[in-house]
Amino acid sequence: MLGRFVSARQYTDLLAQGRAERSPLLKFEHETMLSSYNRKPFLLEHRLAEHPEFSLAQLFALCRRMPSENILYRIGKIPGDAELDSSYDRYKQGLTLDETLDRFEERQAYICINNPELDAAFHPVIEGMLAEIAAQIDSLDPWISWYSTYIFISARHSVTPYHMDREMNFLLQIRGTKTVHLWDPADDEVMTSAQKDLLLAHAGGRPAYKPSIESKAMTYELRPGLGVHHPFIAPHRVHTGSELSISLALTFRTRQSDMWTDAHRFNARMRGLGMDPAPVGRSGLMDQAKCRLARIGQRVHRGLAAADGETLQ
């Protein structure tokens with residue numbers, strides 16, 4: 001699994017680090033955080049565009065020293081409604097990573113670096129930003145429980161197809177421009193309750209794009225020094241401009257989003273039994289109860305699996 005879990009001790013350390021930071025890389029507006037965090041997208045400013053680690057030369061060097069499984073790439077233009085997870089293999093054109101890097105702009109290439117925080121040079125920078133986020137959201141959404149980061153490098157006119165992630169995100173533009181289209185996950189026309197249940201239970205693929213929702217997109221134009229917040233599981237599609245683009249996505253989960261996830265997993269299980277459970281988000285107390293039942297079910301399942309393994313031995 002990509003990313004890393006954050007223990008209570010680690011979160012306490014992150015929170016202290018973020019509160020003590022005197023030269024933050026991220027600029028949050030307090031009133032905007034109070035009104036919009038995890039409710040709707042909003043823009044924020046950052047200072048990564050001037051950071052030396054995020055130059056193209058440094059990022060290409062990172063690609064060459066990271067494990068190959070951490071680098072995804074594709075070549076040429078792809079449709080905006082392509083299936084995201086398979087797009088890297090479908091549009092690779094048989095080229096190696098070195099071949100892609102050597103003629104990156106000519107080949108109109110796109111690279112995703114998974115988990116750059118695993119690299120010694122990038123770890124303190126990314127952990128520092130995670131600490132800044134923790135300090136900002138602690139009063140609203142305490143305890144970051146997991147995080148994963150991604151650096152996107154694209155030559156020009158690239159598309160990240162419509163999809164939704166299973167966490168929150170701050171997408172930060174470092175070089176070039178991006179147009180980010182985001183949709184409201186609470187809109188039943190965008191995603192039904194059943195689709196959200198199955199998404200978070202990892203039961204099947206992500207819900208597909210529907211042309212009928214295009215007019216409902218919220219559009220944000222990013223340039224170096226600007227970022228946009230993606231609320232929990234907000235569907236999105238991203239287009240880069242006519243020049244090379246570099247951006248960083250800081251994705252994370254919290255105790256609250258973990259609770260929602262387990263409540264959705266409980267609902268998915270009930271749907272599998274032919275039931276029609278109440279949507280997650282309608283009642284906080286009901287969601288907490290579903291979460292507890294889902295976690296009890298997980299523990300029972302793990303215990304039974306362990307017992308079966310011992311019997312087989």
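Two strands count as paired if DSSP finds at least two bridges between them. The model used in these exercises is predicted.

**Exercise 1. Strand pairing**

Work out which strands pair with β8 (residues 168-175), and in which direction they run.

*Solution.*
- Take β11 (residues 226-230). It is joined to β8 by 4 bridges. The cut-off is at least two, and β8 and β11 run antiparallel.
- Fix the register here: Phe170 stands opposite His229 in β11.
- Take β13 (residues 245-254). It shares 7 bridges with β8, again antiparallel.
- Fix the register here: Asn169 stands opposite Thr251 in β13.

**Exercise 2. Burial of β8**

Decide whether β8 is largely enclosed or open.

*Solution.*
- Count the buried residues: 7 of the 8 in β8.
- Conclude: β8 is largely enclosed by the rest of the structure, because so many of its residues are buried.

**Exercise 3. The buried face of α3**

Find how the buried residues of helix α3 (residues 56-65) are arranged, and what covers them.

*Solution.*
- List the buried residues: Leu56, Leu59, Phe60, Leu62 and Cys63.
- Look down the axis of α3. These residues fall within an arc of 155 degrees, so they line one face of the helix.
- Recall the general rule: with 3.6 residues a turn, residues three or four places apart in an α-helix point the same way.
- Identify the cover. It includes β4 (71-75), α5 (97-102), β5 (109-114), β6 (144-154), β8 and β13.

**Exercise 4. A nonpolar patch**

Classify Leu293 as buried, partly exposed or exposed, and name the patch residues.

*Solution.*
- Locate Leu293: helix α9 (residues 284-312).
- Read its relative accessibility, 47%. Exposed requires over 50% and buried under 20%, so Leu293 is partly exposed.
- Name the patch: Leu293, Ile296 and Val300 make a nonpolar surface of about 260 Å².

Terms used: Residues are numbered from 1 along each chain as its sequence is written. This is a predicted model: local features need pLDDT of at least 70, side-chain atom pairs count only at pLDDT 80 or more; totals for chains, interfaces and linings use all residues. Side-chain values use heavy atoms; hydrogens and water are left out. Buried means under 20% relative accessible area, exposed over 50%, partly exposed in between (1.4 Å probe, protein chains only). Helices (H or I, at least four residues) and strands (E, at least two) are DSSP runs, numbered from the N terminus. The arc is that of the directions from the helix axis to the C-beta atoms. Contact means heavy atoms within 4.5 Å. Patches are made of residues with over 30% relative accessible area and no salt bridge: like charges are joined within 9 Å, nonpolar side chains (Val, Leu, Ile, Met, Phe, Trp, Tyr) within 5 Å. Accessible areas come from the Shrake-Rupley method with a 1.4 Å probe; for residues, only the protein chains shown count as cover. A salt bridge is a side-chain nitrogen of Lys or Arg within 4 Å of a carboxyl oxygen of Asp or Glu.
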